[in-house]
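Please look at the structure below before reading on. Some questions about it follow, each with a reasoned answer.

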Amino acid sequence: MDDIPLAKRTVSPSLQRKRRTPVALASAGGALVLVGSVLYALRAPILQKLAPVPVAGLSARLSSDGRLLGHFPYPEAGDAELISIGPGVALNAQAAEALREMRRAADAEGVDLRVLSAFRSIALQKQIFFDVKSERNQSARERARVSAPPGFSEHSTGYAVDFGDGRRPETHLAPSFDSTESFAWLKRNANRFHFVLSFPEDNRQGVSYEPWHWRFEGSADALKTFDAAGKFSD
């Protein structure tokens, strides 16, 4: 190196800057990408916290998959979609026809399958949720394990039915309904009539086991209505 003049051994400052520039740009670009990724990842929870609460009187907000305290949102069926299936009890017309056939089949086998509840308006669901919550001194999360908040009940769609056993009324709306002839018959036959158990034991929605609660999925509209819940239970 002693034989090489100093001028030829020294890189000029401008050349050094030019050599550093691509590296510096690459580093800056990588930092921007990283910051952008972090901000995008935080976007959903930030928007979730800024969004208004979906149900007045409840501080709970929607989860990332659209549920409120474990329950998916559902629309309220219109009057034109519903038909009466008994005094004060209504159901979607297609579900009602399937239900009639199912009860006829159960009756032919000597099973006393009763309908305890079907369509509920959002206003009625609001009353059931908040009034009973207050009477039982329950938190919103405790209440939601056994009853959906208004606007989040399958009953409001006109496709859901609560069943009972006419010979075992003490099991109505209780987990012990699964010990009845009616439940055993439903487990064997309900799918033939397009009814499925909504909340089986240890369901991933986190809703309490409800052996009496079944929903109709025998039409394109019903399948669309319960698409999110169906995927969630896969």
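The turns below deal with a predicted model, taking its sheet before its salt bridges.

Q: In what order do the four strands of the open sheet lie?
A: The sheet is open and its pairing is antiparallel. Its edge strands are β3 (113–117) and β5 (195–199), each of which pairs on one side only. Neighbouring strands are turned by 45° against each other on average, direction ignored. The order is β3-β4-β6-β5.

Q: Which residue in β4 stands opposite Ser117?
A: Strand β3 covers residues 113–117. β3 pairs with β4 (residues 160–165) in the antiparallel sense, over four bridges. The residue in β4 that stands opposite Ser117 is Asp162.

Q: What angle does the direction of α3 make with that of β3?
A: Helix α3 spans residues 93–108 and packs on the sheet. There α3 touches β3, β4, β5 and β6 (210–216). The angle between the direction of α3 and that of β3 is about 145°.

Q: How many salt bridges does the structure hold?
A: A pair counts when a side-chain nitrogen of Lys or Arg lies within 4 Å of a carboxyl oxygen of Asp or Glu. Arg100 and Glu97 form one, with their closest N and O atoms 2.7 Å apart. For the structure, the number of salt bridges is nine.

Q: What separates Arg100 and Glu97 along helix α3?
A: Both residues are partly exposed, Arg100 with a relative accessible area of 38% and Glu97 at 35%. They are three residues apart in the helix, so their separation is about one helical turn.

Q: Is Asp112, which forms a salt bridge with Arg114, buried or exposed, or in between?
A: The closest N and O atoms of Asp112 and Arg114 are 2.8 Å apart. Arg114 has 38% relative accessibility and counts as partly exposed. Buried would mean under 20% and exposed over 50%. Asp112 has 21%, so Asp112 is partly exposed.

Q: Which residue forms a salt bridge with Glu170?
A: Glu170 is exposed, at 54% relative accessibility. The residue bound to Glu170 by the salt bridge is partly exposed, at 28%, and the closest N and O atoms of the pair are 2.7 Å apart. That residue is Arg168.

Q: Which residues are linked with Arg215 in a network of salt bridges?
A: Arg215 falls within strand β6 (210–216). The salt bridges of this network link Arg215 with two Glu residues. These are Glu154 and Glu217.

Methods:
Residues numbered from 1 in each chain as written. Predicted model: local features only at pLDDT ≥ 70, side-chain atom pairs only at ≥ 80, totals over all residues. Heavy atoms only, no water. Helix = DSSP H or I, 4+ residues; strand = E, 2+ residues; numbered from the N terminus. Buried < 20%, exposed > 50% of the residue type's maximum accessible area, 1.4 Å probe, protein only. Pairing = 2+ DSSP bridges. Axes fitted to C-alpha atoms, helices over the stretch in contact; angles between N-to-C directions. Contact = heavy atoms within 4.5 Å.
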